[in-house]
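Here's a relaxed walk through the model, meant to be read with the structure open beside you. We'll begin at the surface and work inward from there.

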Amino acid sequence: MTARRRIVLLSAAAIACCAGWRAASAAEWKLTTYLGQTVLYNDNLLLSRRNEIDAIGFTTTPHLILERNTPTLTIKLDGRFEFNEYIDHSNFNSQDQFIDLNVEKLLSERSRLNLAADLIRDTTLRSEQDASDRFLDDSIRFVTVRANPSWTYRLTELDDISLSGNYRNTSYDSADKTDYQSYGPTIGYDRRLSELDKFTSSLSYLHFDPEGKASSDRLGLLAGYAYEPSERLLLSGQGGLSYDLNDGDVGYRARINARYLLDDQTALRALLSHDIEPSGDGQLRTRNRASVGVTYKATELTTLGLAVDYTDNYDYGLSGSTEEDNDEESRYYSVRPSVAWQIAEDWDLVGEYRFRHKAFEGGDSATSNAVLLTLRYRLPTLTGEGF
């Protein structure tokens, strides 16, 4: 399937969702539009240990968000389009697209349908795609299509069940990476323990099919606890097992998620996970991920931010890893402090520094430093009933 066809199919899905429920009453539409211009400098554009390239680049980004809300239907279509150009390195120029679709349809007081779908057409130059697999000495174009439909039904006042599907297709414009698709269903069960917390569980199946290589099948089990005493605080954790149906390997899965609005000025989010995920190496790979983000509204017009992300593929002594040998074990992390100024009613200026580091068990490592300055303009928001 070509990239153009994927874009057409996702756009058609959005139009179908909109048209299918057009008869809903009191439909409220909102269109939000942004336009951004970024200037950047990077001293190791490819994050490579051999091909270190320093470059100055420019990114122009139109960004549109279309929303429709009725008493029983919510649709949000988010489209971002990036035009990247680099001085003296035109081979890295690219036009990238990011489209996200989220739909929620209430069928009754007990039942609802959800659809989350997205299309990413990007390059490995700035993306964290397969961030910890190996060093890449060139920019590789890839296209990813994902779809996650789900149905949730309230059995009782305390019990919910859900059925969902997970589909992903990723293709690369290079023989250095392996095209793949993965898909499978998930069955979930939640029980509310009180107004503030609940027990969560799920059983999933994943089929991983890399092009030209052997496919894999895994079962996954998760059970956990979620605590949400208010809109300001959410804490959840899950743990379970992952079982390889092909060779019988057993691994473990774990996820911890936190969101905390300390006050009107400060917000904190954190995510930790250990799982086995598809990769462009044509294998399922162990992934340990950690992500922490903090935003602080220093003044009415100034916001400070800090984001830290970490990824490795160590198995920490437990079975279930799919790495071929220890030489492929690696770690990656990035640190991104930023400051945003609202310089006028519809204008923002954002300054950001990005530090990235990648290292392998054998001792090879690479570091990248980047500085970005973005000017963003918010166009007038359009709203209305009907379409």
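Start with the greasy part of the outside: Leu163, Ile187, Leu203, Tyr205, Leu219, Leu221, Leu241, Tyr243, Leu245 and Val250 make a nonpolar surface patch of about 850 Å². Keep in mind that this is a predicted model. Three strands, β9 (197-210), β10 and β11 (233-244), each put at least two residues into the nonpolar patch.

Take Leu221 as an example from that patch. Leu221 sits in strand β10. Is Leu221 buried or partly exposed? Leu221 has a relative accessible area of 45%, and because buried means under 20% and exposed means over 50%, it falls in between and counts as partly exposed.

Now for Gly188, which is in strand β8. With a relative accessible area of 10%, Gly188 is buried; the cut-off for that is under 20%. Which residues does Gly188 touch, leaving aside its neighbours within four places in sequence? Its contacts are Asp160, Ile161, Ser162, Ser201 and Ser202. Gly188 and Leu222 are 34 residues apart along the chain, and their C-alpha atoms are separated by 9.2 Å.

Zooming out, the chain has 19 strands and one helix. Of its 387 residues, 39% are buried. Among contacts with a separation of 6 or more, 54% are between residues 24 or more positions apart. The chain exposes about 20,500 Å², and 56% of that comes from carbon and sulfur atoms.

On to the charged pairs. The structure holds 19 salt bridges, and three of them are set out here.

| Salt bridge | Closest N to O |
|---|---|
| Asp160 and Arg192 | 3.0 Å |
| Arg285 and Asp281 | 3.3 Å |
| Arg259 and Glu228 | 3.8 Å |

Asp160, one of the contacts of Gly188, pairs with Arg192 in a salt bridge. That pair links distant parts of the chain: Asp160 is in strand β7 (residues 159-172) and Arg192 is in strand β8 (residues 180-192), 32 residues apart. Both Asp160 and Arg192 are buried.

Arg259 and Glu228 also meet through their side chains in a salt bridge. Here too the pair links distant parts of the chain, with Arg259 in strand β12 (residues 250-261) and Glu228 in strand β10 (residues 216-230), 31 residues apart. Arg259 counts as partly exposed at 38% relative accessibility, and Glu228 counts as partly exposed at 40%.

As for Arg285 and Asp281, they form a salt bridge, and both are buried. Salt bridges that share partners also join Arg154, Asp160 and Arg192 into one network.

Finally, the inside. In soluble globular proteins, nonpolar side chains tend to be buried together. Which residues make up the largest nonpolar core here? There are ten: Leu40, Leu45, Leu46, Ile53, Ala55, Tyr86, Phe92, Leu125, Ala370 and Leu372. Leaving aside neighbours within four places in sequence, Leu125 is in contact with Leu45, Leu46, Tyr86 and Phe92, as well as Ser139 and Arg356. Apart from the largest core lies another core, of seven residues, among them Phe142, Tyr180, Ile276 and Leu284.

Key. Residues are numbered from 1 along each chain as its sequence is written. This is a predicted model: local features need pLDDT of at least 70, side-chain atom pairs count only at pLDDT 80 or more; totals for chains, interfaces and linings use all residues. Side-chain values use heavy atoms; hydrogens and water are left out. Helices (H or I, at least four residues) and strands (E, at least two) are DSSP runs, numbered from the N terminus. Buried means under 20% relative accessible area, exposed over 50%, partly exposed in between (1.4 Å probe, protein chains only). Contact means heavy atoms within 4.5 Å. Accessible areas come from the Shrake-Rupley method with a 1.4 Å probe; for residues, only the protein chains shown count as cover. A salt bridge is a side-chain nitrogen of Lys or Arg within 4 Å of a carboxyl oxygen of Asp or Glu. A nonpolar core is a set of buried Ala, Val, Leu, Ile, Met, Phe, Trp, Tyr and Cys residues joined through side-chain atoms within 4.5 Å. Patches are made of residues with over 30% relative accessible area and no salt bridge: like charges are joined within 9 Å, nonpolar side chains (Val, Leu, Ile, Met, Phe, Trp, Tyr) within 5 Å.
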